[in-house]
Amino acid sequence: MRKFHSLLAILAATSATLVSFTSAAAEVNIYSARKEALIKPVLEKFTEETDIEVNLLTGKADALLARLNSEGENTPADLFLTVDAGALHRAVEADAFQAVSSDEINSAVPSHFRSTDNLWFGLSLRARPIFYSPERVNPDELESYLSLADEKWNDRICIRSSNNLYNQSLVAALIEHHGAEKTEEWAEDFVENFARKPVGGDRDQIKGVAFGVCDIAIANTYYFGHMLNSDDAEERSAAEKVKIFWPAQDKQGAHVNVSGIGITKHAKNVDEAQKLIEFLVSEESQKWYAQANYEYPVREGVEWSETLQQWGDFKQDDIEMDILGENNGDAVRLMNRAGWR
Amino acid sequence: MNRGTLLLFAVAVLIGLPLIVVALSLLNPQWDTLQHLWQTVIPEYIGHSVILLFAVGTGVTLLGVSTAWCISQYDFPGWRWLSWALLLPLAMPAYITAYTYTSLLDYAGPVQGVIRDIFSVNIGEYWFPQIRSLNGAIFVLCIVLYPYVYLITRSAFMQQSTTAFESAKTLGASSLRSFWKVALPLARPAIATGVTLALMETLADYGTMEYFGVTVFTTGIFRTWYGIGDAQGALQLSALLLVFVIILIMVERYSRRRARFYQQRSATKPPQRRPLSGWRAALASLVCWLPVVLGFVIPATQLLLWSVQKSEIWQQSEFWMLTFNTLWLGLLAALITVTLALWLAYGRRRHPTRPLRAAISLAGMGYAIPGIVIAVGLLSPLAWLDNQIIAISEWVFDFNPGLLFSGTVIALLFAYSVRFLSVSLQTVNSGLEQITPQMDDTARTLGASGKRILWRVHLPLLRSPLLAALILVLVDVMKELPATLVLRPFDFNTLAVRAFEMASDERLADAGPPALMIVAVGLIPVIMLSRALRSKTLKAGE
């Protein structure tokens, strides 16, 4: 009998979750590749101000996209949010978005950070500069991403696996700027300069520089921001041994990627979805959204967080984000051939 | 085929559906991608997978069999404790163990820090093994996966008749020789089952490999799908992975080819524990403590230290909601999966026709397939079904019921059944194999119906394998990540999802509490299992 009761409890709990998201109030549903902790607070704020319920499902971008596609016109998702240009591009290719025309959004998001047909809009920027040890590297020796193929960096570079989508986007950008052939030659020499086989995440590369495993690393700035502001004293002191170098400042500029959002083709709550995008690009949310993760706001004129201000202004690579997506497959093949694992 | 068998066959095929989707992808080969992968990375994937299979296979056999033997045969200080403590590493998700060991053993960790302080050397001036490497991955998988071998082999050793073992000794064989010549061969089917499970999990592992930078099929599948944007090519890589699984299963079958050892249990004496003392007792303790310390004490302590840093989490009601979600989902999935396994295994025993056997083998292969591939293999058929239902309902009732399967708990439970059926199927099968066909025959001669034989003869005898299967699935579901991530409903999270989101953002301290909770929740069933097994042995001894 006890068994039977616990079974009943389980069934009740199941049906509760099944039913809980079918309520009728104004709502909007998001599939998000951005982690819950980095978006939920701003969504709660939106609900508070507009009375529109937001239902969130987080996951990996391509898996969510696969779900979106197979659900087809009956999908509950109104919005699809990703953290890199490649996934946005694949969503466009899969015809998953619908165009949005909103002056409010267009004026907030610079044109190269939204798709040409207004299918998606950037929300924040993620810069991927060079990190170096001021003890062992003179910043005058540093120049651009390409110059890291030079022999003098032999055994001195830390970078994570090419499974990482930001490495893929970086190489996709290099293909656009320098051509596939030159980029492949570069990649072959660059891989030779690795201080170790690529392991771990971006923080590990920065730590590698701090602990002297290597002298140079490539990583996204927000990891560095988290380390500098960490609760953990060791992590803070490691980060303090490392400095940022903004590469290619007299050329294309430092590589940036975009986290962006679009309204799905079969959205049921288009108005609410558009309201949410407008809310996300508003000055106040932009500030929070960028600061929560030490990212750069996509909207111009929004104040940067203190940490970001310390790193200084820099020239961004203003390549069309669509191109990063288009070149992504070629970038991965190129890295496969160059032995970048 | 009668109606019952037909239904059985249909269910087995349904469970095998995602695998069929994977296999069908081969009909439309992406030559471009495949050729490119073949020339660049596939040889490496194969090489690494082969090394992993051999090394992890050897490691889990050594750890699992030696501990199972000590616990089932000897009386030494602490064996009662150890008998269940040895199961604890099962509750640790492999990638979490990988994270904890990295933070301990990497150059930035305390161990190397102490070495540098004592010998006043700098990084690069001393040798220290690199934890994030192929060897590191082998180490982590061995200490996390050996409990499969331990659990199944221990029950086999316990159920072995001492008569056989003692006859060997009476005939003048030494203890060691009797172990090699009698106990080990008798336990071979059980060992093979445990090792196969561990190796299937090895092939499906993504988290550890990705973090340690080991290139294998799973990392390649993600890379081909997300990076090159070729979903078909990724499915074809999964199909290649299936080849490994099929080889694995064939090796397992071969290894137990004539090994259908049925034992006359009623006539056996329960095993008498032999007391150990002195260095022998110390050795037995060491053999059993080592995997517990490596696989549980060390990583759990690290998690605990991280959790202390984030103590505020324990007061959040949302965190307890996560725990509750994880627990009921795991329990429900375990019940469904084990019921299915029992039904299928039993059906195969009664009607061992070729198509049915093939369908059940197919259903049992899901364990080695990365969860994400299963999820994707399920997405399209489920969504198709949903869309048909909606179309019909709108046409007939002018009412849109919404998606009934996709994005609901039903989809999750389906995926778990596919992924973990083989865990329960193998455990139940190895239990069924201990029941002689003569028992069925006897019962039938006495006029018992099939149903009655199941309830009165088999189920009581199967109690401990069924419980083992329930707990293995429960713990596995609680750790499961990729399929949960893709298929779960809106605003529905589990502990594994939370731990992963934090860990993948490289916020290890925040990943501590949910990971620790998985372990804590996993502990309760593990202890229950161990108790149940022991009370059963005691009863048999009365």
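Begin at the contact between the two chains of this predicted model: select the 50 residues that chain B contributes and the 50 residues that chain A contributes. On the chain B side, colour the helices α3 (31–40), α11 (207–212), α12 (217–227), α15 (317–350), α17 (371–397) and α22 (482–487), each of which supplies at least two residues to the surface touching chain A. Among these, α17(B) deserves its own selection, as the greatest contribution to that side, 9 residues, comes from this helix. Colouring the chain B side by residue class then shows 26 nonpolar, 16 polar and 8 charged residues.

Next, turn to the largest nonpolar core, a set of 276 residues. Display Phe131(A), Ile206(A), Ala375(B), Ala415(B) and Val473(B), the residues that touch the most other members of this core. Then select helix α8 of chain B, residues 134–159, which with 18 residues gives the most to the core.

Centre the view on Val473(B). Which residues does Val473(B) touch, leaving aside those up to four places away in sequence? The selection to make is Ala333(B), Ala334(B), Thr337(B), Val338(B), Phe420(B), Val423(B) and Ser424(B).

Finally, move to chain A and select Glu303(A), which is placed in the loop between β11 (296–297) and α13 (306–311). Is Glu303(A) buried or partly exposed? Glu303(A) counts as partly exposed because 13 C-beta neighbours lie inside 10 Å, and the buried class requires 20 or more. To close the tour, draw a C-alpha to C-alpha distance from Glu303(A) to Gln291(A): the two residues are 9.6 Å apart in space and 12 residues apart in sequence.

Technical notes:
Residues numbered from 1 in each chain as written. Chains lettered and ligands numbered in written order. Predicted model: local features only at pLDDT ≥ 70, side-chain atom pairs only at ≥ 80, totals over all residues. Contact = placed C-beta atoms within 7 Å. Helix = DSSP H or I, 4+ residues; strand = E, 2+ residues; numbered from the N terminus. Nonpolar A, V, L, I, M, F, W, Y, C, P; charged D, E, K, R; others polar. Core = buried A, V, L, I, M, F, W, Y, C linked by C-beta atoms within 7 Å. Buried ≥ 20, exposed ≤ 12 C-beta atoms within 10 Å, placed from the backbone.
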